[in-house]
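Biologist: Got the file open. Can you walk me through it?

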Amino acid sequence: MNSIEEKLWNYLDGSCTPQEHETISQLIATDQTYQQKHQELLAFNQELENMELDAPPMAFTYNVMEAIRTEEASKPLKANIDHRIIKAIAAFFIGTIAVLLILALANSHADNVHETVQIPVKVQLPTLTNYISAPVMKGFLFFDVVLALFLFDGYLRKKHTTVS
Amino acid sequence: MQSKFSDIELIEQTLQGNQAAYADLVKRHQRFVFTLAMRFTKTREDAEEVAQDSFIKAYRSLQNFQGQSKFSTWLYSIVYTTAMTFLRKRRLDTSSIDDENNHLQLENQSGGFKNDLAENKSRSYYVNQAIEQLLPDDAMIITLFYKGEQSLEEIALTLGIEPNNVKVKLFRARQRLRERLERNLKHEVSELI
């Protein structure tokens, strides 16, 4: 802190030692340059102290509290879901399916179990090797690569959003 | 109407579930928080967003407030980080559009400048105008020191730097502000002539 301006700012801010304060006070009283600069900085300091704050919109507090209320309201919904309810619903569906299955099996004719089922029309199943040729395989692999790149891009974008 | 309770009392009431107490805290600090946000964003819409985000973040982590520093110091550090994140994100997202916006803003500013010439502007207007033209860090440090009732040590806490560094930064910011103010006033006088 060497320049006159720096010393005077420290003096005005009250951030110098009592000894420095005393020295600067004397300099202001005796030295014309110090005196002039001191007046200048004092006026500028006063202007800064008088500067006005910007006013937010009228509904600012309301908007903040509304956002908080919305956040708070969504919290209990997430937190208060009782896992027992989910388990009960799952048990109900599993039970219903089991009962239906048992009923269906019970109502089927047990005597016909050993009978073989005859398909009226002779169905010829297609042989897969006819369709899997080299170009098809290449196309399939190319599609896989594109799909993988697409998914990887999606993952990176999601990661970038989370970080920022 | 301002609440008669201190910041700490209002925080305790908020933590006990009284949201109205937090609304009082917001009312008490909103002007200063909004001004700080304006120092960074330069537009009212963005400043509103930053200020609102800051208050919401403060509410979320209110239970982490230890009370070792003033609530305002803690809140301003949240505003600072929120504003920095906002600026970084905006720079990343809309760097190309920004150039255009800046250009438009400058045009509007000079337009406004001429239109206002006939008006009798106060000295405070010019100070505020010069502060708006400073770099966000300079503008913030000056605002914190003069309007935030923050000591050099508290500003250091808010900005996460050493108090001596704050002293140097404040000195430089004031120097730059004076230069800017003189330049603006000279420009104004030459426009009048």
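Modeller: Sure. Start with B:Lys42, which sits in the loop between H2 and H3 of chain B. This is a predicted model, so read everything as computed.

Biologist: What is the phi of B:Lys42?

Modeller: Phi is about 70 degrees, a positive value, although B:Lys42 is not a glycine. Most residues other than glycine have a negative phi.

Biologist: And is B:Lys42 buried or exposed?

Modeller: B:Lys42 counts as partly exposed, because it has 16 C-beta neighbours inside 10 Å.

Biologist: What about B:Glu149, where is that one?

Modeller: B:Glu149 is in the loop between H7 and helix H8 (152–159) of chain B. Its phi is also positive, near 50 degrees, and B:Glu149 is a residue other than glycine. B:Glu149 has 12 C-beta neighbours inside 10 Å, so it counts as exposed.

Biologist: Back to H2 and H3 of chain B. How do they pack?

Modeller: The angle between H2(B) and H3(B) is about 135 degrees, and their axes are 8 Å apart. That angle makes H2(B) oblique to H3(B).

Biologist: Why oblique and not roughly antiparallel?

Modeller: Because roughly antiparallel needs an angle over 145 degrees, and this pair is at about 135 degrees. The crossing of H2(B) and H3(B) is right-handed.

Biologist: Which residues meet there?

Modeller: From H2(B), they include B:Tyr22, B:Val26, B:Val33, B:Phe34 and B:Ala37. On the H3(B) side, B:Ala47, B:Val50, B:Ala51 and B:Phe55 are among them. By class, the residues of this contact are twelve nonpolar, three polar and one charged.

Biologist: Zooming out, how many helices and strands in each chain?

Modeller: Chain A has six helices and zero strands. Chain B has nine helices and zero strands.

Biologist: How much of each chain is buried?

Modeller: In chain A, buried residues make up 5% of the 164 residues. In chain B, they make up 29% of the 193 residues. As for contacts in chain B between residues at least 6 apart in sequence, 67% join residues at least 24 apart.

Biologist: Which residues touch the most other members in the largest nonpolar core?

Modeller: That core has 39 residues, and those touching the most other members are B:Val33, B:Leu36, B:Ala37, B:Ala51, B:Val79, B:Ile141 and B:Ile142. Helix H4 (60–79) of chain A supplies at least two residues of this core, as do several helices of chain B, including H1 (7–15), H3 and H9. The largest share, ten residues, comes from H2(B).

Biologist: Now the contact between the chains. How many residues does each one put in?

Modeller: Chain B puts in 29 residues and chain A 23 residues. On the chain B side, the elements giving two or more residues are H2 (19–41), H3 (44–60), H6 (123–132), H7 (136–147) and H9 (163–192). H2(B) gives the most, with ten residues. The side of chain B that touches chain A has 14 nonpolar, six polar and nine charged residues.

Biologist: Give me one residue from chain A. What does A:Thr61 touch?

Modeller: Not counting residues up to four places away in sequence, A:Thr61 touches B:Ala23, B:Val26, B:Lys27 and B:Gln30. A:Thr61 lies in helix H4 of chain A.

Biologist: Buried or exposed?

Modeller: A:Thr61 is buried, because 20 other C-beta atoms lie within 10 Å. The cut-off for buried is 20 or more.

Definitions and conventions:
Residues numbered from 1 in each chain as written. Chains lettered and ligands numbered in written order. Predicted model: local features only at pLDDT ≥ 70, side-chain atom pairs only at ≥ 80, totals over all residues. Contact = placed C-beta atoms within 7 Å. Helix = DSSP H or I, 4+ residues; strand = E, 2+ residues; numbered from the N terminus. Nonpolar A, V, L, I, M, F, W, Y, C, P; charged D, E, K, R; others polar. Axes fitted to C-alpha atoms, helices over the stretch in contact; angles between N-to-C directions. Parallel < 35°, antiparallel > 145°, perpendicular 65-115°, else oblique. Left-handed = near helix turned anticlockwise from the far one by under 90°. Core = buried A, V, L, I, M, F, W, Y, C linked by C-beta atoms within 7 Å.
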